[in-house]
Amino acid sequence: DWRYPTMSKKNIRYQMCRELEGKIRLGSNKRAAERENNGTSQYIHSAQTARTYMQQTRQFGDWLRERGMGYCSIDEARQHAADYVREQKSSYSQHTARSALAKTFGCTGNDICELGKRETSKITRGREVTERQAGIERQNPGLAEVCRSIGARHNRELVRIEAKDFHYDNDGNMYCHIKGKGGRVRDALVMPGRGRDIIEAKIKEQPRGALWPSVPSHANVHGWRADYAARCYQYALDNGKGSGNVYHAKNNNTTWDKGALDFVSENLGHGEGRYYTVVYNYLSYGKY
(Lines give C-alpha, C1' and ligand atoms only; values in the text may rest on other atoms or scores of the structure.)
Protein backbone atom coordinates (compact mmCIF):
# COMPACT_ATOMS: atom_id res chain seq x y z
CA ASP A 1 0.00 0.00 0.00
CA TRP A 2 1.44 3.37 -1.02
CA ARG A 3 -0.65 5.35 1.45
CA TYR A 4 1.00 6.83 4.49
CA PRO A 5 -0.36 6.52 8.09
CA THR A 6 -1.47 9.60 10.02
CA MET A 7 1.10 11.13 12.34
CA SER A 8 2.31 14.55 13.51
CA LYS A 9 2.01 17.12 10.73
CA LYS A 10 5.29 18.71 11.82
CA ASN A 11 7.19 15.58 10.85
CA ILE A 12 9.01 16.13 7.54
CA ARG A 13 8.60 12.50 6.55
CA TYR A 14 4.84 12.90 6.87
CA GLN A 15 4.82 16.22 5.02
CA MET A 16 6.71 14.83 2.03
CA CYS A 17 4.63 11.67 1.82
CA ARG A 18 1.43 13.71 1.84
CA GLU A 19 2.83 15.89 -0.96
CA LEU A 20 3.59 12.79 -3.00
CA GLU A 21 0.26 11.14 -2.20
CA GLY A 22 -1.55 14.15 -3.64
CA LYS A 23 0.08 13.51 -7.03
CA ILE A 24 -1.04 9.90 -7.40
CA ARG A 25 -3.64 9.32 -10.13
CA LEU A 26 -3.87 5.56 -10.52
CA GLY A 27 -5.61 4.41 -13.68
CA SER A 28 -5.61 7.83 -15.34
CA ASN A 29 -4.11 8.20 -18.78
CA LYS A 30 -0.49 9.33 -18.63
CA ARG A 31 -0.30 10.36 -22.26
CA ALA A 32 -3.35 12.61 -21.91
CA ALA A 33 -1.73 14.27 -18.88
CA GLU A 34 1.50 14.74 -20.85
CA ARG A 35 -0.35 16.44 -23.70
CA GLU A 36 -1.89 18.88 -21.24
CA ASN A 37 1.44 19.73 -19.60
CA ASN A 38 3.96 20.20 -22.44
CA GLY A 39 4.96 16.55 -22.68
CA THR A 40 5.48 15.84 -18.96
CA SER A 41 2.92 14.55 -16.49
CA GLN A 42 2.98 16.01 -13.00
CA TYR A 43 1.20 12.95 -11.65
CA ILE A 44 2.01 9.30 -10.86
CA HIS A 45 -0.12 6.90 -12.90
CA SER A 46 1.30 3.50 -11.88
CA ALA A 47 0.76 1.72 -8.56
CA GLN A 48 4.26 0.23 -8.71
CA THR A 49 5.80 3.66 -9.31
CA ALA A 50 3.75 5.05 -6.43
CA ARG A 51 5.06 2.35 -4.10
CA THR A 52 8.66 2.89 -5.22
CA TYR A 53 8.50 6.67 -4.92
CA MET A 54 6.79 6.50 -1.53
CA GLN A 55 9.51 4.16 -0.26
CA GLN A 56 12.23 6.51 -1.53
CA THR A 57 10.55 9.51 0.09
CA ARG A 58 10.26 7.71 3.43
CA GLN A 59 13.92 6.76 3.29
CA PHE A 60 14.88 10.35 2.58
CA GLY A 61 12.78 11.39 5.58
CA ASP A 62 14.65 8.91 7.77
CA TRP A 63 17.95 10.24 6.38
CA LEU A 64 16.94 13.77 7.38
CA ARG A 65 15.88 12.66 10.84
CA GLU A 66 19.27 10.98 11.44
CA ARG A 67 20.83 14.38 10.75
CA GLY A 68 18.60 16.25 13.17
CA MET A 69 16.17 17.59 10.55
CA GLY A 70 13.16 15.41 11.31
CA TYR A 71 10.93 18.47 11.76
CA CYS A 72 12.21 20.85 9.08
CA SER A 73 10.12 22.45 6.34
CA ILE A 74 9.59 21.14 2.80
CA ASP A 75 11.84 23.88 1.38
CA GLU A 76 14.60 23.05 3.86
CA ALA A 77 14.34 19.35 3.03
CA ARG A 78 14.72 20.05 -0.67
CA GLN A 79 18.04 21.81 -0.05
CA HIS A 80 19.50 18.50 1.17
CA ALA A 81 18.02 16.28 -1.58
CA ALA A 82 21.13 16.45 -3.78
CA ASP A 83 23.38 15.19 -0.97
CA TYR A 84 21.02 12.30 -0.32
CA VAL A 85 20.85 11.32 -3.99
CA ARG A 86 24.63 11.35 -4.42
CA GLU A 87 25.07 9.11 -1.37
CA GLN A 88 23.24 6.26 -3.12
CA LYS A 89 25.64 3.48 -4.13
CA SER A 90 24.63 2.71 -7.71
CA SER A 91 23.68 4.81 -10.72
CA TYR A 92 20.29 3.07 -10.79
CA SER A 93 19.63 3.96 -7.13
CA GLN A 94 20.67 7.56 -7.70
CA HIS A 95 18.33 8.03 -10.64
CA THR A 96 15.44 6.32 -8.83
CA ALA A 97 15.89 8.46 -5.70
CA ARG A 98 16.19 11.64 -7.75
CA SER A 99 13.04 10.87 -9.76
CA ALA A 100 11.06 10.18 -6.59
CA LEU A 101 12.18 13.36 -4.85
CA ALA A 102 11.64 15.45 -7.98
CA LYS A 103 8.04 14.26 -8.07
CA THR A 104 7.66 14.93 -4.34
CA PHE A 105 9.00 18.48 -4.62
CA GLY A 106 7.28 19.22 -7.94
CA CYS A 107 10.46 19.91 -9.91
CA THR A 108 12.67 18.20 -12.47
CA GLY A 109 15.49 15.80 -11.67
CA ASN A 110 18.10 18.29 -12.83
CA ASP A 111 16.64 20.89 -10.46
CA ILE A 112 17.80 18.61 -7.64
CA CYS A 113 21.16 17.63 -9.13
CA GLU A 114 22.72 16.54 -12.39
CA LEU A 115 23.79 12.92 -12.76
CA GLY A 116 25.91 11.23 -15.38
CA LYS A 117 24.21 9.17 -18.06
CA ARG A 118 23.81 5.52 -17.14
CA GLU A 119 25.99 3.30 -19.31
CA THR A 120 24.45 0.06 -20.47
CA SER A 121 27.81 -1.74 -20.25
CA LYS A 122 27.92 -1.08 -16.51
CA ILE A 123 24.44 -2.43 -15.79
CA THR A 124 24.72 -5.96 -14.46
CA ARG A 125 21.38 -6.45 -12.73
CA GLY A 126 19.07 -8.64 -14.82
CA ARG A 127 21.58 -9.06 -17.66
CA GLU A 128 22.31 -12.71 -16.92
CA VAL A 129 19.81 -15.49 -16.28
CA THR A 130 20.22 -16.90 -12.78
CA GLU A 131 19.97 -20.60 -11.98
CA ARG A 132 16.76 -19.88 -10.12
CA GLN A 133 15.24 -18.25 -13.20
CA ALA A 134 16.41 -21.11 -15.39
CA GLY A 135 14.75 -23.54 -12.99
CA ILE A 136 11.47 -21.63 -13.18
CA GLU A 137 11.56 -21.81 -16.97
CA ARG A 138 12.21 -25.55 -16.90
CA GLN A 139 9.18 -25.95 -14.63
CA ASN A 140 7.00 -23.60 -16.70
CA PRO A 141 8.03 -24.02 -20.36
CA GLY A 142 4.55 -23.16 -21.61
CA LEU A 143 4.51 -19.88 -19.71
CA ALA A 144 7.89 -18.94 -21.16
CA GLU A 145 6.66 -19.62 -24.71
CA VAL A 146 3.55 -17.51 -24.10
CA CYS A 147 5.63 -14.59 -22.80
CA ARG A 148 7.92 -14.81 -25.81
CA SER A 149 4.81 -14.59 -28.01
CA ILE A 150 3.01 -11.60 -26.47
CA GLY A 151 5.75 -9.55 -24.72
CA ALA A 152 3.71 -8.73 -21.63
CA ARG A 153 5.34 -7.25 -18.55
CA HIS A 154 5.28 -9.19 -15.28
CA ASN A 155 2.39 -9.08 -12.80
CA ARG A 156 1.07 -5.69 -13.87
CA GLU A 157 0.09 -7.01 -17.31
CA LEU A 158 0.49 -10.76 -17.58
CA VAL A 159 -1.75 -11.76 -14.69
CA ARG A 160 -4.61 -9.57 -15.96
CA ILE A 161 -4.90 -11.16 -19.40
CA GLU A 162 -8.15 -13.00 -20.09
CA ALA A 163 -9.52 -14.98 -23.04
CA LYS A 164 -11.64 -12.00 -24.14
CA ASP A 165 -8.46 -9.92 -24.62
CA PHE A 166 -7.41 -11.92 -27.69
CA HIS A 167 -8.75 -11.19 -31.17
CA TYR A 168 -7.86 -11.69 -34.85
CA ASP A 169 -7.64 -9.34 -37.83
CA ASN A 170 -8.88 -10.13 -41.34
CA ASP A 171 -5.53 -11.70 -42.24
CA GLY A 172 -5.68 -14.16 -39.35
CA ASN A 173 -3.10 -12.35 -37.23
CA MET A 174 -3.75 -12.70 -33.51
CA TYR A 175 -3.56 -9.74 -31.11
CA CYS A 176 -3.66 -9.38 -27.35
CA HIS A 177 -5.32 -6.32 -25.80
CA ILE A 178 -3.01 -5.47 -22.90
CA LYS A 179 -3.75 -3.02 -20.11
CA GLY A 180 -0.36 -1.53 -19.35
CA LYS A 181 1.11 0.74 -16.72
CA GLY A 182 0.18 4.40 -16.53
CA GLY A 183 -3.30 3.74 -17.94
CA ARG A 184 -1.89 2.81 -21.34
CA VAL A 185 -3.46 0.06 -23.46
CA ARG A 186 -2.13 -1.61 -26.58
CA ASP A 187 -2.93 -4.39 -29.01
CA ALA A 188 0.25 -6.46 -29.11
CA LEU A 189 0.79 -8.72 -32.09
CA VAL A 190 0.99 -12.36 -30.98
CA MET A 191 3.98 -13.99 -32.62
CA PRO A 192 3.08 -17.18 -34.56
CA GLY A 193 4.44 -20.45 -33.24
CA ARG A 194 4.16 -22.71 -30.21
CA GLY A 195 3.29 -19.85 -27.87
CA ARG A 196 0.27 -18.91 -29.94
CA ASP A 197 -0.83 -22.56 -30.04
CA ILE A 198 -0.64 -22.70 -26.23
CA ILE A 199 -2.68 -19.51 -25.95
CA GLU A 200 -5.42 -20.79 -28.24
CA ALA A 201 -5.61 -24.06 -26.30
CA LYS A 202 -5.74 -22.17 -23.01
CA ILE A 203 -8.60 -19.98 -24.25
CA LYS A 204 -10.70 -23.07 -25.08
CA GLU A 205 -9.86 -24.59 -21.71
CA GLN A 206 -10.57 -21.42 -19.70
CA PRO A 207 -12.90 -18.98 -21.50
CA ARG A 208 -13.44 -16.84 -18.38
CA GLY A 209 -11.11 -15.28 -15.85
CA ALA A 210 -7.38 -14.62 -15.92
CA LEU A 211 -5.47 -17.18 -17.99
CA TRP A 212 -2.27 -16.86 -15.93
CA PRO A 213 -3.38 -15.48 -12.53
CA SER A 214 -0.15 -16.51 -10.80
CA VAL A 215 3.36 -16.02 -12.14
CA PRO A 216 6.49 -16.96 -10.15
CA SER A 217 7.95 -13.75 -8.72
CA HIS A 218 11.49 -14.53 -9.92
CA ALA A 219 10.55 -15.67 -13.43
CA ASN A 220 12.70 -14.10 -16.12
CA VAL A 221 9.75 -12.28 -17.68
CA HIS A 222 11.92 -9.36 -18.85
CA GLY A 223 14.23 -11.78 -20.66
CA TRP A 224 11.23 -13.42 -22.35
CA ARG A 225 9.94 -9.97 -23.24
CA ALA A 226 13.33 -9.25 -24.83
CA ASP A 227 12.97 -12.44 -26.89
CA TYR A 228 9.57 -11.15 -28.04
CA ALA A 229 11.16 -7.85 -29.05
CA ALA A 230 13.75 -9.65 -31.19
CA ARG A 231 11.06 -11.73 -32.90
CA CYS A 232 8.93 -8.63 -33.38
CA TYR A 233 11.83 -6.74 -34.97
CA GLN A 234 12.48 -9.55 -37.44
CA TYR A 235 8.76 -9.79 -38.19
CA ALA A 236 8.71 -6.07 -39.00
CA LEU A 237 11.61 -6.44 -41.45
CA ASP A 238 10.10 -9.51 -43.09
CA ASN A 239 6.70 -7.86 -43.54
CA GLY A 240 7.68 -4.51 -45.00
CA LYS A 241 7.31 -2.45 -41.83
CA GLY A 242 10.83 -1.06 -41.94
CA SER A 243 11.41 2.55 -43.00
CA GLY A 244 14.95 2.39 -44.37
CA ASN A 245 16.02 5.10 -41.92
CA VAL A 246 18.88 3.96 -39.72
CA TYR A 247 19.38 4.34 -35.97
CA HIS A 248 23.03 4.12 -34.90
CA ALA A 249 23.53 2.64 -31.42
CA LYS A 250 26.83 4.17 -30.39
CA ASN A 251 27.28 2.19 -27.15
CA ASN A 252 27.58 -1.13 -28.96
CA ASN A 253 28.29 0.06 -32.52
CA THR A 254 25.20 -1.49 -34.12
CA THR A 255 22.65 -0.16 -36.63
CA TRP A 256 18.88 -0.68 -36.68
CA ASP A 257 15.93 0.19 -38.87
CA LYS A 258 13.90 2.98 -37.23
CA GLY A 259 10.58 1.83 -38.71
CA ALA A 260 11.08 -1.68 -37.32
CA LEU A 261 12.14 -0.22 -33.96
CA ASP A 262 8.95 1.85 -33.81
CA PHE A 263 6.93 -1.29 -34.56
CA VAL A 264 8.65 -3.13 -31.71
CA SER A 265 8.26 -0.19 -29.34
CA GLU A 266 4.53 0.12 -29.97
CA ASN A 267 3.99 -3.60 -29.38
CA LEU A 268 6.00 -3.39 -26.15
CA GLY A 269 3.91 -0.44 -24.97
CA HIS A 270 6.55 2.30 -25.20
CA GLY A 271 5.30 4.33 -28.18
CA GLU A 272 7.21 5.73 -31.16
CA GLY A 273 10.70 7.16 -31.05
CA ARG A 274 11.98 5.12 -28.10
CA TYR A 275 14.94 3.76 -30.04
CA TYR A 276 17.46 3.83 -27.21
CA THR A 277 15.12 1.97 -24.84
CA VAL A 278 14.23 -0.72 -27.38
CA VAL A 279 17.81 -1.33 -28.50
CA TYR A 280 19.60 -1.32 -25.16
CA ASN A 281 16.91 -2.73 -22.85
CA TYR A 282 15.52 -5.36 -25.18
CA LEU A 283 17.27 -6.08 -28.49
CA SER A 284 20.70 -5.99 -26.85
CA TYR A 285 19.59 -7.86 -23.73
CA GLY A 286 22.28 -10.26 -22.57
CA LYS A 287 24.56 -9.47 -25.54
CA TYR A 288 26.60 -6.44 -24.49
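**Entry 1: Lys30 and the positive patch**

I began with Lys30 in this predicted model, and I found Lys30 in helix 2, which covers residues 30-36. I then looked up its exposure, and with a relative accessible area of 30% Lys30 is partly exposed. I next asked which residues form a positive surface patch with Lys30. The patch is made up of Lys30, Arg51, Arg156, Arg160, Lys181 and Arg274.

**Entry 2: The protein as a whole**

I stepped back to the whole chain and noted 13 helices and five strands. The C-alpha trace spans about 65 × 45 × 45 Å along its principal axes, and of the 288 residues in the protein 44% are buried. I also looked up the surface, where the protein exposes about 15,800 Å², with carbon and sulfur atoms supplying 43% of that area. For contacts between residues at least 6 apart in sequence, I wrote down that 61% join residues at least 24 apart. The protein has 47 positive and 33 negative charges, and I noted that the mean positions of the two sets are 4 Å apart.

**Entry 3: Salt bridges**

How many salt bridges does the structure hold? I noted 13 of them, and I followed three in detail.

My first case was the pair Asp62 and Arg65, whose side chains meet in a salt bridge at 3.3 Å, N to O. Both residues lie in helix 3 (residues 47-66), three residues apart, which is about one turn of the helix. I reminded myself that an α-helix has 3.6 residues a turn, so residues three or four places apart point the same way. I then checked the exposure of each partner: Asp62 is partly exposed, with a relative accessible area of 21%, whereas Arg65 is exposed at 52%.

My second case was Arg148 with Asp227, where the side chains meet in a salt bridge at 2.7 Å, N to O. Arg148 belongs to helix 9 (residues 141-150) and Asp227 to helix 11 (residues 221-238), so this pair ties together parts that are 79 residues apart in sequence. Is Arg148 buried or exposed? Arg148 counts as buried because its relative accessibility is 17% and the cut-off for buried is under 20%. Asp227, in turn, is partly exposed, with a relative accessible area of 31%. I also noted that Arg148 and Asp227 belong to a network of salt bridges, in which they are linked with Glu137 and Glu145.

My third case was Arg153 and Glu157, whose side chains meet in a salt bridge at 2.5 Å, N to O. I looked up both residues and found that Arg153 is buried and that Glu157 is buried as well.

**Entry 4: Met174 and its surroundings**

I turned to Met174, which is found in strand 2 (residues 174-179), and I noted that Met174 is buried, with a relative accessible area of 0%. Which residues does Met174 touch, leaving aside those up to four places away in sequence? I listed Phe166, His167, Tyr168, Ala188, Leu189, Val190, Arg196, Ile199, Glu200 and Ile203. For one of these, Val190, I also looked up the spacing: Met174 and Val190 are 16 residues apart in sequence and 5.4 Å apart in space, C-alpha to C-alpha.

Ile203 came up again when I looked at Lys164, since these two residues are 39 apart in sequence and 8.5 Å apart in space, C-alpha to C-alpha. Lys164 lies in the loop between helix 9 and strand 1 (166-168), and Lys164 is exposed, with a relative accessible area of 61%.

**Entry 5: Helix 13**

I found helix 13 (residues 275-283) to be mostly covered, with seven of its nine residues buried. The buried residues are Tyr275, Thr277, Val278, Val279, Tyr280, Tyr282 and Leu283. What do they pack against? I wrote down helix 11, strand 4 (246-249), strand 5 (254-257) and helix 12 (258-268).

**Entry 6: Two asparagines with positive phi**

I ended with backbone angles, keeping in mind that most residues other than glycine have a negative phi. Asn38 has a positive phi, near 55 degrees, and Asn38 is found in the loop between helix 2 and helix 3. I noted that Asn38 counts as exposed, at 77% relative accessibility. Asn253 also has a positive phi, near 55 degrees, and I located Asn253 in the loop between strand 4 and strand 5. At 73% relative accessibility, Asn253 counts as exposed.

Note on methods: Residues numbered from 1 in each chain as written. Predicted model: local features only at pLDDT ≥ 70, side-chain atom pairs only at ≥ 80, totals over all residues. Heavy atoms only, no water. Helix = DSSP H or I, 4+ residues; strand = E, 2+ residues; numbered from the N terminus. Buried < 20%, exposed > 50% of the residue type's maximum accessible area, 1.4 Å probe, protein only. Contact = heavy atoms within 4.5 Å. Areas by Shrake-Rupley, 256 points an atom, 1.4 Å probe, with all protein chains shown as cover. Lys, Arg positive; Asp, Glu negative; His and termini not counted. Charge placed at Lys NZ, Arg CZ, Asp CG, Glu CD. Patch = residues over 30% accessible without salt bridge, like charges linked within 9 Å, V, L, I, M, F, W, Y side chains within 5 Å. Salt bridge = Lys/Arg side-chain N within 4 Å of Asp/Glu carboxyl O.
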